[in-house]
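Colleague: I am new to this model and would like a close look at one part of it. Which residues line the largest pocket?

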Amino acid sequence: MADSETKNVMVFTSGSLRLVTLKRDPVPAKAMPSAACWTLLLPSASVCVCTGEDQEEGVVRRGNLALLLPGYGHILKRHQPAVPFGFTALQLEGPFPEPLVSILQHPPRKWQEQSFALLRSQALKQLFNIFTQELSHPDGVQLMTRELFLILLGAELSRLCEKEDRGRFPYRLSRST
């Protein structure tokens with residue numbers, strides 16, 4: 001179901017998931033990644049991921065899928081001053097089913113060191129695209145579809161991270177999550 005719609009920003013929610021589509025920067029406050037949730041981000045042009053005004057964490061290139069960790073207050077800026085960007089972002093607040101809750105509670109250390117992770121998985125990118133199309137559909141998403149997406153997301157993230165050095169993430173998930 002659409003929460004708000006303008007020519008530049010569209011926001012849809014389904015349960016604890018929030019889809020934000022921005023056609024072109026600058027990023028208004030309602031489209032900025034939330035510091036309180038996990039965000040899957042797919043930019044339309046290269047974007048700098050910053051924490052605070054001047055602390056650059058890295059770059060997410062056009063078409064790459066990134067997972068922004070909660071608690072950092074990410075800010076998105078142009079990578080190249082003359083090249084505007086847009087994005088599709090899926091904000092995940094929980095509750096999360098297994099195996100997603102396990103990977104979010106114990107992400108790889110390198111994710112925590114950079115405050116976000118580039119997810120190099122074609123299957124994950126396809127899953128993201130299919131689900132975001134479903135979520136923006138006028139009929140919305142059914143509970144079973146949403147839960148299936150979260151389970152598949154967790155399984156693919158676990159597969160990507162199975163050989164990584166994992167540690168407890170300082171951003172604590174609530175007991176109900």
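The answer below starts with the whole chain and then goes to the pocket and one of the helices beside it.

Modeller: This is a predicted model, in which local features need pLDDT of at least 70 and side-chain atom pairs count only at pLDDT 80 or more, while totals for chains, interfaces and linings use all residues. Residues are numbered from 1 along each chain as its sequence is written, and side-chain values use heavy atoms, without hydrogens or water.

The protein has 4 helices and 10 strands, taken as DSSP runs numbered from the N terminus (helices H or I, at least four residues; strands E, at least two). From the N terminus on, the order is β-β-β-β-β-β-β-β-β-α-α-β-α-α. Of the 177 residues, 47% are buried, that is, under 20% relative accessible area with a 1.4 Å probe and protein chains only.

Now the pocket. The largest one has a volume of about 200 Å³, the space filled by probe spheres set on its joined grid points. A pocket here is an open set of points on a 1 Å grid where a 1.4 Å probe fits, with protein on both sides within 12 Å along at least five of seven lines; lining residues have an atom within 4 Å of a point.

The lining of this pocket consists of Lys110, Trp111, Gln114, Phe116, Ala117, Leu118, Leu119, Arg120, Leu160, Cys161 and Glu164. Three elements supply at least two lining residues each: helix H2 (109-114), strand E10 (116-119) and helix H4 (143-161). Strand E10 gives the most, with 4 residues. Those from E10 are Phe116, Ala117, Leu118 and Leu119. Helix H2 brings Lys110, Trp111 and Gln114, and H4 brings Leu160 and Cys161.

By class, 7 of the lining residues are nonpolar, 1 is polar and 3 are charged. In this count Ala, Leu, Phe, Trp and Cys are among the nonpolar types, and Lys, Arg and Glu among the charged ones. Gln114 is in the lining, and Gln counts as polar.

Helix H4 can be followed further. Its 19 residues should span 27 Å at 1.5 Å a residue, and its end C-alpha atoms are 27 Å apart, which agrees; the expected span is 1.5 Å times one less than the number of residues. The buried residues of H4 are Arg146, Phe149, Leu150, Leu153, Gly154, Glu156, Leu157 and Cys161. Cys161 is thus listed twice: buried in H4 and part of the pocket lining.

Key: Buried < 20%, exposed > 50% of the residue type's maximum accessible area, 1.4 Å probe, protein only.
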